[in-house]
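Please open the structure in your viewer and keep the selection panel at hand. The stops below are meant to be taken in order.

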Amino acid sequence: MTARRLLPLLLGVLAVLLLPAPAVAAPASALPGTLKIQMVPPIKGVVVTVDGNTARSDPKGLLRVRVRNFTGLDQRLTVVPTEVSPDRRVLFDRFRGSLDHGVHSRTVEVGLRTQRRVSWRYADRDGAPVPLGRVTEMRLRSNTGEVIELTGADLARPLWVAESRTQQGPRGLASKQLYYVVDTVMVDGTSVVNRAGHKFVPWERQDWLIELLFFKVSFSADDMFFAQRAGDGIRLTRADGRVQRLPFAADGSVLVPDLPRGTYTVTVLGGGVSFGRPVSISRDQQVTLSVISPVDLALVVLGALGVAVGLVLVGRPALRRRLRIRLPRRARPAHQRGGRWRRPLRVGLGSVVALLLLAAVVGVVASRPARAADGPAPAPSAAAPVPVFAHYYIWFNPTSWNRAKIDYPQLGRYSSDDTEIMRRHVRMAKAAGVTGFLVSWKHTPQLDGRLAKLVEVARAESFRLGIVYQGLDFSRKPLPLATVRADLDLFATRYATDEVFDVFDKPVVVWNGSDRFTAAEVADTVRAARKRLLVLGAAKSTEEVATYGTALDGQAYYWSSADPVDGRTQDRLAAMSRAVHLHGGLWIAPVAPGYDARQLGGQREVARRDGETLRASFAAARLSQPDALGVISWNEFSENTHVEPSERFGARYLEVLADLLGVDIDHDVAMDSQQEHDDHWGLPAWGAVVASGGVLALLPLWVFLRRRRSPDGAASPAQRGADHDVEAPVDS
């Protein structure tokens with residue numbers, strides 16, 4: 001029984017030992033196969049090599065290549081740098097996931113970086129070509145921060161630039177197109193483009209047209225005293241130091257049809273004396289210079305000599321007798337006949353004072369070195385007795401204009417770190433009657449630098465600033481109170497005593513986000529800052545105003561979405577004003593030209609009505625008895641509340657604002673050649689000449705007084721008697 005059971009077991013063991021074992025199947029990744037690849041972006045002609053095999057992508061960017069196995073493919077597969085067309089080449093960027101996925105018949109994504117061969121040409125504002133030889137330097141900047149500087153022969157050669165790169169997205173690899181802006185184009189030592197005003201996408205365009213700011217400028221010269229042409233031509237000194245002599249035509253002028261934007265020193269040649277003066281050119285215009293002709297000089301010298309001779313004759317009676325000159329003299333009592341020197345002294349002093357007054361008047365008239373064909377700067381407004389601020393944003397980068405915008409500035413899609421843009425903004429706002437900007441700021445390296453630049457510009461232009469402290473982050477969450485306290489202290493330390501912020505007794509800072517904290521928290525946070533600053537809140541209702549009471553120095557209501565035409569705005573602003581003034585606070589009332597935040601995902605729109613909305617808003621704000629007006633805004637283009645001249649509206653809303661403020665505005669004031677910096681001092685030509693005449697007149701007067709007081713110069717008693725007899729009146 002036992003043997004029967006063991007026999008099958010033994011036979012099984014022998015079978016296992018003697019019979020061959022079946023083969024084990026190899027894993028699929030170790031077997032040869034076909035790898036499928038999708039190029040991102042889909043480009044034809046991309047070359048791939050692996051295991052000695054080569055394949056090219058089809059028009060859809062797909063390719064198939066045989067591989068001996070799917071293990072470690074990323075070490076064996078090579079995407080060959082390829083020129084897929086005369087103006088495009090591709091480079092490997094990244095894989096999506098692992099290439100081993102191809103073993104499961106999946107298509108593997110391969111990301112590419114592409115480069116494009118671009119060229120450019122220059123044209124003036126009328127489209128006429130500008131020779132490449134006139135340009136000495138150009139700087140390009142990509143949206144990834146790459147800076148390309150070109151000089152010399154490189155300016156005439158095509159350039160390979162990065163066109164696209166790939167990035168990982170939720171659905172796989174995605175190709176991101178790059179773009180470039182033109183920062184500077186240098187001609188004659190000055191940049192002739194607005195920074196970031198030109199934007200080019202290599203994927204879409206390889207031939208770039210760059211418009212240069214050349215202007216047609218006519219120069220002429222007038223006699224300083226007489227209304228007639230003067231001079232033979234001008235000496236024009238450019239920013240790079242190059243000097244050009246240009247003769248006047250028969251009509252007494254010379255036209256420069258392609259003068260690059262910049263500041264030049266211009267001197268009139270011939271016709272008399274001309275002092276070199278700076279002239280800033282930023283638009284087509286006529287510039288008239290002044291010349292002191294020989295006739296002018298002769299008149300001034302003769303006038304000075306006449307005064308001098310008159311003083312000598314008045315003080316030297318003996319000389320008058322020899323010249324047979326008698327001066328009429330009215331009868332005076334004997335006790336008033338002493339001190340004969342007083343009369344010539346009064347005459348001399350009167351002459352000198354008259355000359356000095358003339359010098360002052362003429363100096364004011366001639367203080368502008370070049371006279372352009374433009375009107376005078378507008379006078380301060382009498383229609384707005386309170387300061388008028390416009391909310392101003394300094395966060396714009398070239399990429400900011402690619403999202404949530406339906407309108408763009410006339411000055412181009414600028415970057416907020418461009419000092420020239422700041423200067424033009426300040427000049428346009430000032431010309432429209434605006435007192436200053438309320439600058440949106442918080443402590444970051446970028447915004448600190450931009451605020452410092454704006455302060456310098458405002459100081460040079462006698463413009464005022466306030467601050468809107470952005471106490472909210474990008475997701476509209478309030479910043480920590482410790483951060484707010486530190487930022488306010490930083491601002492006060494840097495700027496509390498700066499004249500640019502001198503509007504009220506202390507600089508104004510509006511804390512946007514103060515309503516997210518309790519009154520006690522707000523009071524504790526700003527307690528130290530309020531010793532040097534006026535810290536205002538951004539309450540949106542009378543209840544909020546009452547809640548914060550005296551914890552803040554007032555309120556600045558940022559209400560841009562109101563429709564003032566419906567009539568309720570006036571009542572609400574009046575109530576807010578009463579609530580703020582009840583606690584002794586400062587009230588800044590909002591003024592807005594319209595509102596449209598649909599590009600930001602909102603639904604609210606307030607039509608501009610060709611300026612009627614702005615007029616109604618201004619009236620409602622003024623009736624609320626504000627301490628200042630806050631125009632919303634200068635350049636908030638995402639919510640479309642801007643009054644800055646734009647492509648869509650032109651200068652319409654700046655002109656309406658100026659009209660409301662009682663100012664006649666020329667919105668081209670930012671381009672005016674006479675908007676110089678006040679960094680030149682000294683007497684103008686007129687003042688120098690007339691002041692010299694005054695000095696000549698003072699000299700003989702001084703000599704006369706010295707002789708009268710000197711014993712050696714005193715006349716003898718006999719002579720004094722003779723003089724007295726000659727000048728004594730005849731008794732009737």
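The tour starts with confidence, then moves to a buried aspartate, the aromatic pairs and the charges over rings.

Because this is a predicted model, begin by colouring the protein chain by pLDDT, for which the mean is 82, with 76% of the residues reaching 70 or more. Select β26, where confidence is highest at 98, and then helix α15 (residues 717-727), where it is lowest, at a mean of 41. Next select residues 670-686, over which pLDDT stays under 50 and for which the model has 48 contacts beyond four places in sequence; residues 712-732 also stay under 50, and here the model has 15 such contacts. Where pLDDT is low, the predicted coordinates should not be read in detail.

Now select D183, which is placed in strand β14 (residues 180-187). Is D183 buried or exposed? With a relative accessible area of 3%, D183 is buried. Show its side chain together with that of R141, and a polar contact between the two side chains appears at 2.7 Å. If you then display what surrounds D183, leaving aside neighbours within four places in sequence, you will find it in contact with R139, R141, S191, V193, R195 and A196.

Turn next to the aromatic rings, of which the structure holds 20 pairs. One of them joins F396 and Y414 in an edge-to-face arrangement, with 6.0 Å from centre to centre and 80° between the planes. Both residues lie in the loop between β26 (388-393) and α6 (419-431), so the pair ties together parts that are 18 residues apart in sequence. F396 and Y414 are both buried. Extend the selection to W401, Y408 and F637, which form one aromatic cluster with F396 and Y414.

For another pair, go to helix α8 (residues 481-495), where F491 and Y495 are 4 residues apart and thus separated by about one helical turn. Their rings form a tilted pair, 5.5 Å centre to centre with 45° between the planes. F491 is buried at a relative accessible area of 2%, and Y495 is likewise buried, at 10%.

Finish with two places where a charge meets a ring. Select R88 and W203, and you will see R88 lying over the face of W203, at 4.4 Å from the ring centre. Then select R608 and Y653, where the charged end of R608 sits over the ring of Y653, 4.6 Å from its centre.

Key
Residues are numbered from 1 along each chain as its sequence is written. Side-chain values use heavy atoms; hydrogens and water are left out. Helices (H or I, at least four residues) and strands (E, at least two) are DSSP runs, numbered from the N terminus. Buried means under 20% relative accessible area, exposed over 50%, partly exposed in between (1.4 Å probe, protein chains only). A polar contact is a pair of N or O atoms within 3.5 Å; within protein, one must be able to donate a hydrogen and the other to accept it, and residues adjacent in sequence count only if both atoms are side-chain atoms. Contact means heavy atoms within 4.5 Å. Rings of Phe, Tyr and Trp (its six-membered ring) pair if their centres lie within 6.5 Å; planes under 30 degrees apart count as stacked, over 60 as edge-to-face and the rest as tilted. A charge sits over a ring if NZ of Lys or CZ of Arg is within 6 Å of the ring centre and within 35 degrees of the ring normal. pLDDT is the predictor's confidence in each residue, from 0 to 100.
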